Amino acid sequence: MSMTHPRPIVALSGGVGGAKLSLGLLRTLPADSLTVIVNTADDFTHLGLRISPDVDTTVYTLADIVNPETGWGRRDETWNFMAAAAALGGETWFRLGDGDMAMHVERTRRLATGQSLSQITADMARRLNIPASIIPMTDDIVATIVATDAGDLAFQDYFVRHQCAPGVVSLRFAGAEQARLAAAAAAALGNPGLQAVVICPSNPYLSIDPILAIPGMKDLLHGCPAPIVAVSPLVGGKAVKGPTAKIMTELDLSVSSLEIARHYAGIIDGLVADIEDRHLAGQFDLPVLFTETLMSSLADRERLASEVIRFAEGLVKQRKSHAG
Ligand code: FO1
């Protein structure tokens, strides 16, 4: 709509919820103006294959081939490999569809030839005609360890094998301190023409914190002249999907968008919270947009994306008028 050159948007995202808003952004923005920096601390090696669940969820969602029921994996998937593996006594707790298997086999093959996860992801995205940059937060190995009342668990053991049942005591991101932020992520955030940074409604503790834990990431966000907006993953004090609310309770945090704002304090310039949390207005110490944040349909995602961008634009004006 604007006559000016499109200004890029950077999104920080985990898996399913983040990918939904990323798709809304992709469809709202001019082509090639979206960069999604994706959590890789859920990645693990399983059956000898390197699995990058949040990267794959983002790729499949933006390529419009994601399984709409689960939000991860591929649409119209077949499960012959799993059935054959089960018949042979193989491990089947982590479900890998036949088409999805091709992604893991191909990624593992290319990693063994020395290609980086960033290079492989960029090539897959190009082949699937995705007009956005999908950047794994790092090419180094970072792994979320969930300290629970049942002991330390590797992330997918906690999340899938144990269905998030153990109580969370604390979280750590092994390898994060030594990891290097992907070069393309640093370049995208350092772009002086950046319009906004959007922290997607992913789990702040499991999905966004690992990205923020990569050395240099917080400094880039602090130095970023574009407004930074987070979308709360809570609706009326409940999580839309996944264990966000359960984890917040276990960590002795109040399950509220106020707590999400507190969590991102010093990083964000504004918060997008659900209309159901309208009664909290006046209790935040930063600008808040209350709107429908549930993203059931594609239209919901596009509407939320454009509202988030418009809200961020307003924040630029606010900061300018304060400075002036
Ligand atoms: N999530 C599940 O709850 N069960 C699964 O069996 C499962 C398999 C799976 C395979 C590939 C993939 O890319 C994702 C998969 N997920 C599965 C989702 C994923 O593990 C989590 O949603 C994320 O790690 C959290 O963002």
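**Notes on the ligand site and a few spots elsewhere**

1. Starting with the shell around the ligand: its residues divide into eight nonpolar, one polar and four charged. Bear in mind throughout that this is a predicted model. There are 13 residues around the ligand, and those that come nearest are Asp-42, Asp-54, Phe-94, Arg-95 and Gln-156.

2. Which polar atoms of the protein face the ligand? On the oxygen side, Asp-42 has a polar side-chain atom 3.0 Å from a ligand oxygen. Arg-95 also has an atom by a ligand oxygen, but here it is a backbone N or O atom, at 2.8 Å. I'd look at that one with the backbone switched on, since the Arg-95 contact listed here is made by a main-chain atom. Trp-72 brings a polar side-chain atom to 3.4 Å from a nitrogen atom of the ligand.

3. How much of the ligand does the protein bury? On its own the ligand would expose 530 Å², and 91% of that is buried by the protein. As for where this happens, the ligand sits in the largest pocket.

4. Two elements give two or more residues each to the shell: helix H2, residues 53–62, and helix H6, residues 155–161. H6 has the largest share, with four residues. Two of the nearest residues named above, Asp-54 and Gln-156, fall within the ranges of H2 and H6 respectively.

5. Now to helix H8, which covers residues 204–212. Is this helix buried or exposed? Nine of its nine residues are buried, so H8 is largely enclosed by the rest of the structure. The buried set mixes side-chain types: it includes Leu-206, Ile-208, Ile-211 and Leu-212, but also Ser-207 and Asp-209. Pro-204 and Pro-210 are in there too, along with Tyr-205.

6. What caps the N-terminal end of H8? That is Asn-203, with a side-chain oxygen 2.9 Å from the backbone nitrogen of Tyr-205. Tyr-205 is itself among the buried residues of H8.

7. One step back along the chain is Ser-202, in the loop that joins strand S9 (196–199) to H8. Although it is a loop residue, Ser-202 is buried, at 4% relative accessible area. Its side chain reaches the backbone nitrogen of Gly-14 at 2.9 Å. Taken with the Asn-203 cap, this gives two side-chain to backbone contacts to check on the way into H8.

8. Ile-135 is another buried residue, with a relative accessible area of 7%. Its place is in strand S5, which runs over residues 133–136. If you want a reference distance there, the C-alpha atoms of Ile-135 and Ala-19 are 13 Å apart, while the two residues are separated by 116 residues along the chain.

9. Finally, some backbone angles to have a look at. Asp-32 is not a glycine, yet its phi is positive, at about 65 degrees. Where is Asp-32 found? In the loop between helix H1 (16–28) and strand S2 (34–38). With 63% relative accessibility, Asp-32 counts as exposed.

10. Asp-76 is a similar case: phi is near 50 degrees, again a positive value in a residue other than glycine. This aspartate is in the loop between H2 and helix H3, the latter covering residues 80–87. Asp-76 is exposed as well, with a relative accessible area of 72%. H2, on one side of that loop, is also one of the elements that contribute to the ligand shell.

Methods
Residues are numbered from 1 along each chain as its sequence is written. This is a predicted model: local features need pLDDT of at least 70, side-chain atom pairs count only at pLDDT 80 or more; totals for chains, interfaces and linings use all residues. Side-chain values use heavy atoms; hydrogens and water are left out. A residue is near a molecule or strand if one of its heavy atoms lies within 4 Å of it. A polar contact is a pair of N or O atoms within 3.5 Å; within protein, one must be able to donate a hydrogen and the other to accept it, and residues adjacent in sequence count only if both atoms are side-chain atoms. Accessible areas come from the Shrake-Rupley method with a 1.4 Å probe; for residues, only the protein chains shown count as cover. On a 1 Å grid over the protein atoms alone, a cavity is a set of points where a 1.4 Å probe fits but cannot get out, and a pocket is an open set with protein on both sides within 12 Å along at least five of seven lines; lining residues have an atom within 4 Å of a point. A molecule sits in a cavity or pocket if more than half of its atoms lie within 2 Å of its grid points. Ala, Val, Leu, Ile, Met, Phe, Trp, Tyr, Cys and Pro count as nonpolar, Asp, Glu, Lys and Arg as charged, and the others, Gly among them, as polar. Buried means under 20% relative accessible area, exposed over 50%, partly exposed in between (1.4 Å probe, protein chains only).
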